[in-house]
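Reader: Hi! I'd like to learn how to read helix packing and inner spaces in a protein model. Could you walk me through one?

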Amino acid sequence: MNDRRSESPASFSPPSSGDSIYGPRFWIAFAANLLLVAANVLTFRFAEFVNFLGESEETTGRIVQLGVIGSILIRFSLSRDLDRLGAARLWKGSSLLFIAGCSLLVMSKSAGWNLYVARMAFTIGLASMFACSNVHVQTNVPHHRRTEIIGSLGSSGFLGMIVGAQLGDVYFELLPRGELLFQALFGTAGVLGMLYLVMVWFITRGDRPPQPHEHSLRTMHLLRKHWPGVIVLVAMAMGIGFVVTTVFLTRYATSLNLGGVRPFFTAYAVSAFGFRVVSRRWSQQIGRRRMILIGLMGHVLGHLLLLPLSDTGYREWMQQLSLSVEWGFVPSGLLCGFGHALLFPCVVSLGSEVFPPELRGTGTTMILGFIDVGMALLSQPLGWIIDRFGFVTMMLTSASLMCGVAITYALGTLGQTDTDLHPRVATEPSEGESG
């Protein structure tokens with residue numbers, strides 16, 4: 001079976017379950033992921049930029065939607081090329097595309113076609129970078145520790161979230177609201193992308209391309225043959241959550257005349273990092289199904305806890321306690337971060353494990369693509385809801401959708417066996433590997 005893990009770097013072999021899975025390359029990837037997420041968080045002010053250009057929330061949603069659709073379409077070729085060419089080349093190429101997207105954002109002066117192209121290049125590059133890093137890191141570990149290593153890599157992103165949120169609010173405090181402010185935001189994101197590219201070059205230095213293997217089926221045929229199941233709904237629910245927190249949350253704060261969203265993303269990151277460390281082995285102790293249900297309910301409650309901030313009485317009560325109103329974001333951030341900590345590694349490992357090892361790049365890329373599908377489907381509708389009915393209705397909608405996904409997932413996975421709870425199942429050939 002080991003000879004089929006052809007996408008693994010030649011200098012590495014999957015360690016046994018007793019070996020350490022955290023070597024120097026992992027920690028460099030950890031630092032690189034921190035920089036990438038910090039750069040991404042700086043662009044969470046994109047909705048503010050579109051508003052500065054005089055456009056509506058629905059227009060913001062449309063631009064985000066088209067960018068995500070582009071990343072979804074590119075995943076069909078990315079998934080095939082990851083297994084055929086290996087992660088190294090594509091990782092560097094997607095990093096260059098991300099840097100180009102940031103550069104185009106810096107040069108954008110209006111909400112014309114150039115802004116759409118900039119957002120699309122940025123989104124495609126970002127999505128591909130995350131896919132490549134997740135594929136690269138999980139190919140060198142035992143099957144039943146894949147969830148753990150994905151979660152460990154992702155925990156660096158929560159530190160990056162703190163850095164990016166703090167830096168973004170500092171820019172908004174020091175610079176006047178205008179073109180220079182957004183050029184500083186997007187320009188800094190591009191510089192961080194350049195540092196990321198240097199680290200990727202070092203991580204992949206000496207990696208050999210994968211050995212040729214048959215990949216005759218088209219990506220859609222592979223997806224039908226190795227359909228991940230109801231977990232795709234959970235991935236789409238994560239996409240809905242990202243629309244709320246990474247696109248429209250800053251506009252919600254601005255509509256309430258609040259200073260920024262730094263408390264939300266700081267609480268989000270601290271909670272997610274802490275629970276990612278605490279829950280590192282939960283997949284092997286309580287199973288991924290329970291982790292997913294708990295994580296979804298964390299998001300539901302997190303979105304609902306954003307609602308009190310729109311109440312004048314609640315804001316006055318906080319001021320009477322000598323608390324800044326922005327700190328009202330903290331309870332929501334804590335719960336959303338908790339949900340993210342549990343959901344992401346489970347979704348990626350469950351969604352990709354149905355694919356045989358030589359197609360693990362396809363599996364990982366496809367399940368990450370369903371997160372994008374959730375964003376693409378809901379970004380413009382949620383913006384439309386905000387324009388017509390307000391932020392409260394939008395957040396009630398997102399919480400209701402996530403609650404519905406939790407119920408559907410619970411019913412759809414009754415009686416299923418979790419290979420993380422029962423590692424011996426992973427050693428048996430799957431349908432995709434037999435023959």
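Reader: Which residues of α1 meet which residues of α5?

Author: In this predicted model, F26, N33, L36, V37 and N40 of α1 touch F122, L126, M129, F130 and V137 of α5. Sorted by class, this contact of α1 with α5 has eight nonpolar, two polar and no charged residues.

Reader: At what angle do α1 and α5 pack, and how far apart are their axes?

Author: Helix α1 spans residues 24–42, and it packs against α5 at an angle of about 160 degrees, with the two axes 12 Å apart. Angles over 145 degrees count as roughly antiparallel, so α1 is roughly antiparallel to α5. The crossing of these two helices, α1 and α5, is left-handed.

Reader: Let's try another pair. How do α9 and α16 pack?

Author: Try the same steps here. Helix α16 covers residues 391–412, and α9 and α16 pack at an angle of about 165 degrees, their axes being 10 Å apart. That angle is why α9 is described as roughly antiparallel to α16. Here too you can look at the handedness: α9 passes α16 in a left-handed crossing.

Reader: Which residues make the contact between α9 and α16?

Author: On the α9 side they include I231, V234, I240, V244 and F248. On the α16 side, M394, L401, M402 and Y409 are among them. By class, the contact of α9 with α16 has 15 nonpolar, four polar and one charged residues.

Reader: And what about α9 and α10?

Author: Helix α9 (residues 231–255) and helix α10 (residues 262–278) pack at about 150 degrees, with axes 12 Å apart. In this pair, α9 passes α10 in a left-handed crossing. F242, T245 and L249 of α9 make the contact with F264, F265 and Y268 of α10. The classes in this contact of α9 with α10 are five nonpolar, one polar and no charged residues.

Reader: Now for the inner spaces. How does one find them?

Author: Rolling a probe the size of a water molecule over the atoms shows where empty space is left.

Reader: How many cavities of 30 Å³ or more are there, and what is the volume of the largest?

Author: The count is four cavities of 30 Å³ or more, and the largest has a volume of about 760 Å³. It is lined by 37 residues, and the closest to its centre are N40, L126, F130, F242 and H340.

Reader: Which helix gives the largest share of that lining?

Author: Look at α5 (residues 113–138): this helix supplies seven residues, the largest share of the lining of the largest cavity. By class, that lining has 23 nonpolar, 10 polar and four charged residues.

Terms used
Residues are numbered from 1 along each chain as its sequence is written. This is a predicted model: local features need pLDDT of at least 70, side-chain atom pairs count only at pLDDT 80 or more; totals for chains, interfaces and linings use all residues. Side-chain values use heavy atoms; hydrogens and water are left out. Axes are lines fitted to C-alpha atoms, for helices over the stretch in contact, and angles run from 0 to 180 degrees between N-to-C directions. Helices (H or I, at least four residues) and strands (E, at least two) are DSSP runs, numbered from the N terminus. A crossing is left-handed if the near helix is turned anticlockwise from the far one by less than a right angle, and right-handed if clockwise. Contact means heavy atoms within 4.5 Å. Ala, Val, Leu, Ile, Met, Phe, Trp, Tyr, Cys and Pro count as nonpolar, Asp, Glu, Lys and Arg as charged, and the others, Gly among them, as polar. On a 1 Å grid over the protein atoms alone, a cavity is a set of points where a 1.4 Å probe fits but cannot get out, and a pocket is an open set with protein on both sides within 12 Å along at least five of seven lines; lining residues have an atom within 4 Å of a point. Grid points are joined across faces, edges and corners, and a volume is the space filled by probe spheres set on the points. Angles under 35 degrees count as roughly parallel, over 145 as roughly antiparallel, 65 to 115 as roughly perpendicular and the rest as oblique.
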